[in-house]
2 protein chains.
Amino acid sequence: MAERISDAEHAVMEVLWKRAPLTATEVADQVVREKDWSLQTVKTLLSRLAAKAVVGTERDGRRFLYSPLVERDDYLTGVSRNFVDRLFGGKVTPLVAHLAEADELSADDIREIEELLRELKK
Amino acid sequence: MAERISDAEHAVMEVLWKRAPLTATEVADQVVREKDWSLQTVKTLLSRLAAKAVVGTERDGRRFLYSPLVERDDYLTGVSRNFVDRLFGGKVTPLVAHLAEADELSADDIREIEELLRELKK
DNA sequence: CGTCAGTGACTACATGTGTAGTTTCAATGA
DNA sequence: TCATTGAAACTACACATGTAGTCACTGACG
């Protein structure tokens, strides 16, 4: 059901999530700022995403306009759940604990997260 | 540098992280409780992991004993960092915020994490 | 001493992924 | 009108991955 999005495809999606619809060339222009890919590569990725119905296409004269069909939030939720399930037994606490232990959490991060959690409890 | 571990390979690693060294057959016995794979499949995965120097082999008569060469914690740290970088711009707070919004955090989870953070600040 | 079971080594093969090149077709400008 | 250009479609190809099958060897058992 949940269509798989590969790493390279994900880079393309990020561009479309920022702004859409876009033509292939416009997408490539954006993507190239990050990744050193050719226009053809980006087009291939767009085709694959379209084939999987992860992006939609709309004819605009001689070219196509591409738009995401999957919400970024939904994608993140799916991937995050999968991640936490596979690596941390589905529990978020061990993930946070691990990040903390690995010094991936700054004091600021900790304050931010505490703030966020306080909000949530309301 | 950081050798890539695929999903299937990860399942094998989890067994070895729990107990090692083990023979291929012992690993397979454990893995099969989770995944419906044949002995051959597990052996292939072990070979690939050995080829990547993610597990080490030690001759024991006619067979091999396999042990992880990578710490589970180090692996988790690498994968987590990569995950947070790619999907949340390297910041943990948005990840937690997202999980919360997606209702992946129970009230208990929140309490646990708050507790954990309090500990950290000491 | 010969046979068998267990083991690693090698081979296989479809599908996914990263990364493009080539072809074709249609619109556009001279 | 005809060549040029830009876009999509099709083709390519090596390496990774999931998932095994087959082969050859060796020690143990009868």
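Let's start at the largest pocket, where α4(B) provides the largest share of the lining, eight residues. Helices here are DSSP runs of H or I with at least four residues, strands are runs of E with at least two, and both are numbered from the N terminus. This is a predicted model, in which local features need pLDDT of at least 70 and side-chain atom pairs count only at pLDDT 80 or more, while totals for chains, interfaces and linings use all residues. Residues are numbered from 1 along each chain as its sequence is written, chains are lettered from A and ligands numbered from 1 in the order in which they are written, and side-chain values use heavy atoms, leaving out hydrogens and water.

The volume of the largest pocket is about 1,200 Å³. A pocket is found on a 1 Å grid over the protein atoms alone, as an open set of points where a 1.4 Å probe fits, with protein on both sides within 12 Å along at least five of seven lines; its lining residues have an atom within 4 Å of a point. The volume is the space filled by probe spheres set on the points, which are joined across faces, edges and corners. There are 32 lining residues, and A:R4, A:R86, B:R4, B:V79 and B:R86 are the closest to the centre. Both α4 (72–88) of chain A and α4 (72–88) of chain B supply at least two residues each. By type, the lining holds 16 nonpolar, four polar and twelve charged residues. Here Ala, Val, Leu, Ile, Met, Phe, Trp, Tyr, Cys and Pro count as nonpolar, Asp, Glu, Lys and Arg as charged, and the others, Gly among them, as polar.

Helix α4 of chain A also takes part in an aromatic pair. Seven such pairs turn up over all chains, a pair being two rings of Phe, Tyr or Trp (its six-membered ring) with centres within 6.5 Å; planes under 30 degrees apart are stacked, over 60 edge-to-face, and the rest tilted. A:W17 and A:Y75 make a tilted pair, 5.4 Å centre to centre with 40 degrees between the planes. This pair links distant parts of the chain, with A:W17 in helix α1 (residues 7–18) and A:Y75 in helix α4, 58 residues apart.

Now turn to the DNA. Around strand D there are 20 residues, of which B:S6, B:W37, B:T41, B:T44 and B:R48 come nearest; a residue is near a strand if one of its heavy atoms lies within 4 Å of it. Sugar and phosphate make up 63% of the atoms of strand D that come within 4 Å of the protein. Polar contacts are pairs of N or O atoms within 3.5 Å; within protein, one must be able to donate a hydrogen and the other to accept it, and residues adjacent in sequence count only if both atoms are side-chain atoms. For A:K43, a side-chain N or O atom is 3.3 Å from a base nitrogen of strand D, and a polar side-chain atom of B:T41 lies 2.9 Å from a sugar or linking oxygen of strand D. Five residues, the largest share of the surface near strand D, come from α3(B).

For DNA strand C, the closest of 20 surrounding residues are A:S6, A:W37, A:T41, A:T44 and B:T25. A polar side-chain atom of A:R48 lies 3.0 Å from a base oxygen of strand C, and one of B:K43 lies 3.2 Å from a base nitrogen of strand C. Here α3(A) gives the largest share of the surface, five residues.
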